[in-house]
Amino acid sequence: MSAAVQARPAAPGAGTGRVVWLTGLSGAGKSTLASALHAELRSRGVPTELLDGDAVRENLSKGLGFSRADRDTNVRRIAFVAGLLAKHGVTVLVSAISPYADTRREVLAGLPGALEVFVDAPLEVVTARDVKGLYLRALAGEIPHFTGVSDPYEAPQQPDLHLRTDQISVEEGVARLLGALEL
């Protein structure tokens with residue numbers, strides 16, 4: 001675990017919120033896990049919000065492209081909103097590809113009780129899960145700047161939690177997330 005991760009406050013019930021940042025390739029299961037965890041936390045009375053990368057891009061980052069600078073701007077915007085919510089006692093679940101390690105480290109270092117979760121599945125698995133066929137189009141060279149194919153995805157080297165969604169169920173993933181949150 002990095003020094004930045006160790007230095008973050010982590011007491012979920014101490015009047016401050018938390019940020020659970022789920023990162024991984026498109027189709028790895030970030031949104032699925034975040035939605036399931038969101039439902040579980042709400043059923044337990046935990047104030048929680050879900051910031052899904054696709055929804056944020058549509059509503060808060062509309063007009064941004066897929067250059068490195070635009071992707072970093074999108075991640076910083078998500079982190080800004082997550083930080084505001086967490087400051088007010090909300091547990092914020094972020095599900096965003098957030099492909100660049102240095103930008104993730106930067107934003108996570110400034111978020112209260114941040115937990116970096118690597119939602120991981122091999123390219124073959126995410127390609128098979130892709131109902132829109134985007135991976136196949138990207139692999140054929142039809143979609144430029146596609147994360148994990150023609151643009152890099154820099155996997156976390158020391159995430160707080162590593163979930164291999166090709167090897168565990170959604171329920172197992174939620175249980176591990178709850179354990180990491182000490183709930």
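A residue is called buried when its relative accessible area is under 20%, exposed when that area is over 50%, and partly exposed in between. The exercises below use this scale on a predicted model.

**Exercise 1. Confidence**

Task: Find how confident the predictor is along the chain, and which stretch scores below 50.

Solution.
- Step 1. The average pLDDT of the chain is 90, and 92% of the residues score at least 70.
- Step 2. Residues 1-14 have a pLDDT below 50. In the model this stretch still has 19 contacts beyond near neighbours in sequence.
- Step 3. Predicted coordinates should not be read in detail where pLDDT is low.

**Exercise 2. The salt bridge of Glu58 and Lys62**

Task: State the N to O distance between Glu58 and Lys62, then classify Glu58 and Lys62 by accessibility.

Solution.
- Step 1. A salt bridge joins the two side chains, with 2.5 Å from N to O. A search of the whole structure gives 11 salt bridges.
- Step 2. Glu58 has a relative accessibility of 45%, so this residue is partly exposed.
- Step 3. Lys62 has a relative accessible area of 60% and is therefore exposed.

**Exercise 3. A bridge between two helices**

Task: Which parts of the chain does the pair Asp102 and Arg68 tie together?

Solution.
- Step 1. The side chains of Asp102 and Arg68 form a salt bridge of 2.8 Å, N to O.
- Step 2. Asp102 belongs to helix α5 (residues 101-109) and Arg68 to helix α4 (residues 68-87), so the bridge ties together parts 34 residues apart in sequence.
- Step 3. Asp102 is partly exposed because its relative accessibility is 38%. Arg68 is partly exposed as well, at 34%.

**Exercise 4. Arg104 and Glu116**

Task: Decide whether Arg104 and Glu116 are buried or exposed, and locate each one in the chain.

Solution.
- Step 1. Arg104 and Glu116 form a salt bridge whose closest N and O atoms are 3.1 Å apart.
- Step 2. Arg104 is in helix α5 and Glu116 in strand β4 (residues 115-120), so the pair links distant parts of the chain, 12 residues apart.
- Step 3. Both residues are buried.
- Step 4. Elsewhere, salt bridges with shared partners connect Arg68, Asp72, Asp102 and Glu154 in one network.

**Exercise 5. Strands β4 and β5**

Task: Which residues of strand β5 lie on its covered face, and in what sense do β4 and β5 pair?

Solution.
- Step 1. In a regular strand, side chains alternate between the two faces of the sheet.
- Step 2. In β5 (residues 161-164), Leu161 and Leu163 make up the covered face, while His162 and Arg164 make up the uncovered one.
- Step 3. The pairing of β4 with β5 is parallel and runs over four bridges. Leu163 in β5 has Val119 opposite.
- Step 4. Leu115 is in strand β4. Its relative accessible area is 6%, so Leu115 is buried. The C-alpha atoms of Leu115 and Tyr100 are 16 Å apart, with their positions 15 residues apart along the chain.

**Exercise 6. His38 and the annotated domain**

Task: Classify His38 by accessibility, name its contacts, and describe the annotated domain.

Solution.
- Step 1. His38 sits in helix α2 (residues 30-43). At 16% relative accessibility, His38 is buried, because the cut-off is under 20%.
- Step 2. Leaving out residues up to four places away in sequence, His38 touches Thr48, Glu49, Leu50 and Leu93.
- Step 3. An unreviewed UniProt entry lists residues 17-163 as "domain: APS kinase". Over these residues the chain is 43% helix and 17% strand, and the end C-alpha atoms are 22 Å apart.

Note on methods
Residues numbered from 1 in each chain as written. Predicted model: local features only at pLDDT ≥ 70, side-chain atom pairs only at ≥ 80, totals over all residues. Heavy atoms only, no water. Salt bridge = Lys/Arg side-chain N within 4 Å of Asp/Glu carboxyl O. Buried < 20%, exposed > 50% of the residue type's maximum accessible area, 1.4 Å probe, protein only. Pairing = 2+ DSSP bridges. UniProt positions renumbered as here; feature names shortened; annotations may be inferred. Contact = heavy atoms within 4.5 Å. pLDDT = per-residue confidence, 0-100.
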